[in-house]
Amino acid sequence: RAHARERFLLPQEWARLRPILARHPHKIAAFVSFLLLEGPRLSEARKMQRAQVDLIQGFWHKTVTKNGRRQLLALSSRSCELLASLPNHGPYFFPGETPDVPWSRTAVRYHWKKIRREAGIADVQIRDLRRTTATWLSMNQENLVTIKDILHHSSLSTTQIYARADQTATRAALTRHADRMFPPSP
């Protein structure tokens, strides 16, 4: 039986990845950064069109999503700045070889493979960046309903998977247990 992937970037891995991204072409660094900031699916980010995004109000009107429903997603001001910094050539924020087609999945994966090798995170796949966003939001006590809305999950039970990474309560319980078993010296 295949196990679900649970890999996400750890804070120390992000610390190594960030300066490496800065050395790559702006389009590549912006794409990876956008995936981490907003948590979209790879295909949604690749195909994101300028006509769907309001950079002034900070909204992304996704017309088609994985579950077939429209989604209105609020964008962070950092994401809006990032998208505004990209050259405006054609309908896509991340164009392919020609401005009228989106960036190919193959090209994205090619660049990500180089970046992850440089950062020493060869086992982190590009799709793990969405999981990273959700996990970090959960670990920082963001509301699960909000995370569900960001990821556009149809069910809260799907989103609760990311709450498992928050080990704060587990660590606190084990610390209390250890203090009972081995009381601190007076």
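**Exercise 1. A residue in the middle of a sheet**

Task: Find which residue stands opposite Trp60 in β3, then work out how the sheet around this residue is put together.

Solution: Start at Trp60, whose opposite number in β3 is Leu73. Keep in mind as you go that this is a predicted model.

Next, look towards β1: there, Val53 is the residue that faces Trp60 of β2. A second pair joins these strands, since Asp54 has Phe59 of β2 as its bridge partner. The pairing of β1 with β2 (residues 59-62) is antiparallel and has two bridges. Between β2 and β3 there are four bridges, and these strands also run antiparallel.

Now assemble the whole: the three strands make an open, antiparallel sheet in the order β1-β2-β3. β1 (53-54) and β3 (71-74) each have a single partner strand, so they stand at the edges with one side lacking a neighbour in the sheet.

Finally, check the turn. β1 and β2 form a hairpin with four residues between them, and Gly58 in that turn has a positive phi of about 80°.

**Exercise 2. Two faces of a strand**

Task: Which side chains of β2 point to one face and are buried, and which point to the other?

Solution: Begin with the general pattern: in a regular strand, side chains alternate between the two faces of the sheet. Then apply the pattern to β2. Trp60 and Lys62 share one face and are buried. Phe59 and His61 point to the other face and are not buried.

**Exercise 3. Two faces of a helix**

Task: Sort the residues of α4 (residues 77-84) into buried and exposed, and say what the buried ones pack against.

Solution: First pick out the buried set, which is Ser79, Cys80, Leu82 and Leu83. Viewed down the axis of α4, these buried residues fall within an arc of 160°, so they line one face of the helix. Turn to the other side of α4 and you meet the exposed Ser77, Arg78, Glu81 and Ala84. The last step is to find the packing partners: the buried residues of α4 lie against α2 and β1.

**Exercise 4. An enclosed space**

Task: How many cavities of 30 Å³ or more does the structure hold, and which residues line the largest cavity?

Solution: The count is one cavity of 30 Å³ or more. The largest cavity has a volume of about 30 Å³. Its lining is made by Ile28, Phe31, Val32, Trp103, Val108, His111, Trp112, Ile115 and Ile126. Assign these to elements, and α2 (26-38) and α5 (105-119) turn out to be the ones that give two or more residues. The largest share, four residues, comes from α5. Sorted by class, the lining has eight nonpolar residues, one polar residue and no charged residues.

**Exercise 5. Two basic side chains**

Task: Are Arg41 and Lys148 buried or exposed, and what does each touch?

Solution: Take Arg41 first; this residue sits in the loop between α2 and α3 (42-46). The relative accessible area of Arg41 is 18%, so this residue counts as buried, the cut-off being under 20%. Beyond its neighbours within four places in sequence, Arg41 contacts Lys66, Arg130 and Leu151.

Now move to Lys148, in helix α7 (residues 144-151). With a relative accessible area of 19%, Lys148 is buried too. Setting aside residues up to four places away in sequence, Lys148 touches His153, Ser154, Ser155, Leu156 and Thr159. To finish, compare chain and space: Lys148 and Gln160 are 12 residues apart along the chain, and their C-alpha atoms are separated by 8.6 Å.

Methods. Residues numbered from 1 in each chain as written. Predicted model: local features only at pLDDT ≥ 70, side-chain atom pairs only at ≥ 80, totals over all residues. Heavy atoms only, no water. Pairing = 2+ DSSP bridges. 1 Å grid on protein atoms, 1.4 Å probe; cavity = no way out; pocket = protein on both sides within 12 Å on 5 of 7 lines; lining within 4 Å. Points joined across faces, edges and corners; volume = space filled by probe spheres on them. Nonpolar A, V, L, I, M, F, W, Y, C, P; charged D, E, K, R; others polar. Buried < 20%, exposed > 50% of the residue type's maximum accessible area, 1.4 Å probe, protein only. Contact = heavy atoms within 4.5 Å. Arc of directions from axis to C-beta.
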